[in-house]
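Please open the structure in a viewer and keep the selection tool at hand. The tour below proceeds by stops, each with something to select.

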Amino acid sequence: MAMETRSVSLTQLTAWQALETHYQQMQHVHLRKLFAGDPKRGERFSQEAIGIYLDYSKNRITEETLRLLIQLAEESGLREHIDSMFRGDKINVTENRAVLHTALRAPKDAVINVDGKNVVPEVHQVLDRMSAFADRVRSGDWKGFTGKRIRNVINVGIGGSDLGPVMAYEALRHYSQRDMVFRFVSNVDGTDFAEATIDLDPEETLFIISSKTFTTLETMTNAQTAREWALKKLGDEKAVAKHFVAVSTNAAEVSKFGIDTANMFGFWDWVGGRYSMDSAIGLSTMIAIGPENFKALLAGFHEMDEHFRNAPFEKNLPVLMGLLTVWYADFFGAETVAVLPYDQYLKRFPAYLQQLTMESNGKSVTLSGARVNYQTGPIFWGEPGTNGQHSFYQLIHQGTHLIPCDFIGFAKPLNPLGNHHDLLMANVFAQSEALAFGKTPEQVRAEITPDWLVPHRVFEGNRPSNTLLLEKLTPEALGKLVALYEHSVFTQGVIWQINSFDQWGVELGKVLAKNIISELEGKADGKHDSSTSTLISRYRKLKG
């Protein structure tokens with residue numbers, strides 16, 4: 001059964017109204033004052049669980065703020081919604097689907113029913129098939145059509161079928177098999193495919209075509225181009241079965257393409273695209289890092305699932321982070337969140353989170369279809385430190401926008417070189433300190449700066465941040481981090497009374513593009529507004 005939509009609007013809840021009053025008292029309170037009044041604040045406003053230390057003391061909150069935010073979670077039925085998701089209820093009401101990415105990392109003996117059937121055995125069956133295939137490719141046992149071993153793996157997908165695999169590969173590259181090349185093609189722009197294959201030999205290249213329906217326009221355009229590229233050298237149609245495998249549920253289309261359905265790895269409609277990196281969509285990840293490391297990744301996900309499911313809200317990492325996002329978005333009017341991983345391997349993590357958070361919570365109607373009268377899903381963005389410090393941190397420190405930040409750091413480096421890691425981590429702690437406390441006019445004047453320069457060198461501070469500290473970036477740690485944000489997004493969606501698991505907003509542009517393609521090729525004329533018609537006409541002229 002689906003969760004019932006609530007009749008009480010969010011803004012009518014007692015806790016929400018209390019938070020509105022509380023915000024009036026908090027909006028001008030400075031973090032300097034909060035820390036000065038509580039010497040142990042840094043310890044009290046922190047939480048450690050499953051190997052992640054969350055310091056949220058540099059947020060513009062008091063004990064009362066936390067109490068009211070947790071009350072808001074309770075009044076919003078967060079506990080019931082969590083139970084409902086884990087139970088396999090059809091909480092994605094607009095598509096009448098269960099939401100069970102958590103089942104993808106459940107242990108073999110778990111029982112999770114969808115429509116009366118335990119889905120866990122099927123999940124492990126697919127994982128076992130993936131493991132066997134990954135081992136064959138990694139060992140050289142799986143040969144290409146001409147008998148050469150596979151040295152290059154290219155994942156062809158888009159959205160969740162690309163962002164998860166590419167992020168995970170980059171994040172766990174340290175653990176990858178170094179005599180193999182892994183690349184990712186997603187953009188329908190031909191340049192993406194051309195550059196990914198320019199220096200590769202088709203005889204040594206395996207393509208993983210990742211598309212649930214095997215009809216996604218961008219993915220299948222790239223897949224057909226890959227097929228032509230491979231056959232140009234390999235010649236024989238039979239070669240397709242040795243150089244292409246599919247992650248899909250559409251056996252008919254997979255077979256039509258020339259892929260042996262024995263090499264088709266399936267998943268289920270209760271797995272949303274942006275929640276699918278630990279399903280068969282992670283096949284490229286598993287080939288790169290090996291089945292054992294992939295199992296560790298899943299174990300990390302599962303640990304966070306269990307923490308989210310069982311920990312009381314005041315000690316629950318995803319709940320705390322989700323509630324803080326709501327606090328800034330809806331009461332302070334913050335429109336964005338910066339995610340700042342201080343680890344080069346996590347360079348694609350902010351891009352991954354953009355889809356996870358913005359496709360999930362970029363909604364403007366409630367579950368019951370009513371228009372919201374409050375802000376939902378903030379914009380997520382970021383870059384790895386220390387690079388960001390030399391570009392956009394200026395705006396975070398001295399600009400007019402309030403931008404809450406998540407700093408992510410690790411105590412132990414994967415590539416120890418001199419004092420690099422201490423320098424890196426010194427910057428994590430320094431940046432959050434500078435954002436929180438800033439620099440007063442008096443402090444600037446004490447440095448004997450001319451008076452006219454003082455305003456330019458003042459840092460207001462009072463800019464909030466979380467710091468997430470882990471021991472080391474391992475496959476397990478990555479699983480925990482991804483699940484942390486998944487469940488934080490879910491927490492926010494429950495509070496906002498929206499469906500975090502559909503994405504109707506991506507459909508309209510796709511439909512219109514399909515209609516316009518034949519017009520661009522001169523095969524048809526369509527009716528459009530004057531701007532679109534003029535652009536199509538101009539494009540056709542320039543194209544010649």
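The stops that follow concern confidence, strands, unusual backbone positions and pockets.

**Stop 1: Confidence**

Begin by colouring the chain by pLDDT, since this is a predicted model. The average pLDDT of the protein is 96, and 99% of the residues score at least 70. Next, select helix H14 (residues 317–330), where confidence is highest, at 99; it is lowest in H21, at a mean of 92.

**Stop 2: The five-stranded sheet**

Select strands E5 to E9. These five strands form an open sheet with parallel pairing, and their order is E6-E5-E7-E8-E9. Which strands stand at the edges? They are strand E6 (181–185) and strand E9 (264–265); each has a single partner strand, so one side of each is left without a neighbour in the sheet.

Now restrict the selection to strand E5 (residues 152–156) and strand E7 (residues 205–210), which pair in the parallel sense over five bridges. Within this pair, Asn-155 is found opposite Ile-208 in E7.

Add helix H8 (residues 190–197), which packs on the sheet and touches E5, E6 and E7. The direction of H8 makes about 170° with that of E6. Then show H9, which lies across E5, E6, E7 and strand E8 (244–247) and runs at about 160° to E7.

**Stop 3: A hairpin and its further partner**

Move to strand E1 (residues 46–49) and strand E2 (residues 52–55), which run antiparallel and are joined by four bridges. Gln-47 has Leu-54 in E2 as its bridge partner. The two strands E1 and E2 form a hairpin with two residues between them. In the turn, select Ile-50, which has a positive phi of about 40°.

E2 is also joined by four bridges to strand E13 (residues 465–470), and these two strands run antiparallel. Here the bridge partner of Tyr-53 is Leu-469 in E13.

**Stop 4: Two unusual backbone positions**

Most residues other than glycine have a negative phi, and most peptide bonds are trans. Select Asp-115, which is not a glycine yet has a positive phi of about 50°. Asp-115 is located in the loop between strand E3 (113–114) and strand E4 (117–118).

Then select Gly-385 and Thr-386, which are joined by a cis peptide bond with an omega of about 10°. Thr-386 belongs to the loop between strand E11 (379–381) and helix H16 (393–398).

**Stop 5: The largest pocket**

The largest pocket has a volume of about 1400 Å³. To find it, select Thr-216, Gln-503, Val-506, Glu-507 and Lys-510, which are the closest to its centre among the 49 residues that line it. Helix H7 (160–171), helix H9 (217–234), helix H15 (349–361) and helix H21 (507–520) are the elements that give two or more residues to this lining. Which element gives the most? H21 does, with eight residues. By class, the lining of the largest pocket comprises 19 nonpolar, 19 polar and eleven charged residues.

**Stop 6: The second largest pocket**

Finally, turn to the second largest pocket, with a volume of about 420 Å³. It is lined by 16 residues, and those closest to its centre are Gln-344, Asn-415, His-420, His-421 and Leu-424. Colour the lining of the second largest pocket by class to see seven nonpolar residues, eight polar and one charged.

Note on methods:
Residues are numbered from 1 along each chain as its sequence is written. This is a predicted model: local features need pLDDT of at least 70, side-chain atom pairs count only at pLDDT 80 or more; totals for chains, interfaces and linings use all residues. Side-chain values use heavy atoms; hydrogens and water are left out. On a 1 Å grid over the protein atoms alone, a cavity is a set of points where a 1.4 Å probe fits but cannot get out, and a pocket is an open set with protein on both sides within 12 Å along at least five of seven lines; lining residues have an atom within 4 Å of a point. Grid points are joined across faces, edges and corners, and a volume is the space filled by probe spheres set on the points. Ala, Val, Leu, Ile, Met, Phe, Trp, Tyr, Cys and Pro count as nonpolar, Asp, Glu, Lys and Arg as charged, and the others, Gly among them, as polar. Two strands pair if DSSP finds at least two bridges between them. Contact means heavy atoms within 4.5 Å. Axes are lines fitted to C-alpha atoms, for helices over the stretch in contact, and angles run from 0 to 180 degrees between N-to-C directions. pLDDT is the predictor's confidence in each residue, from 0 to 100.
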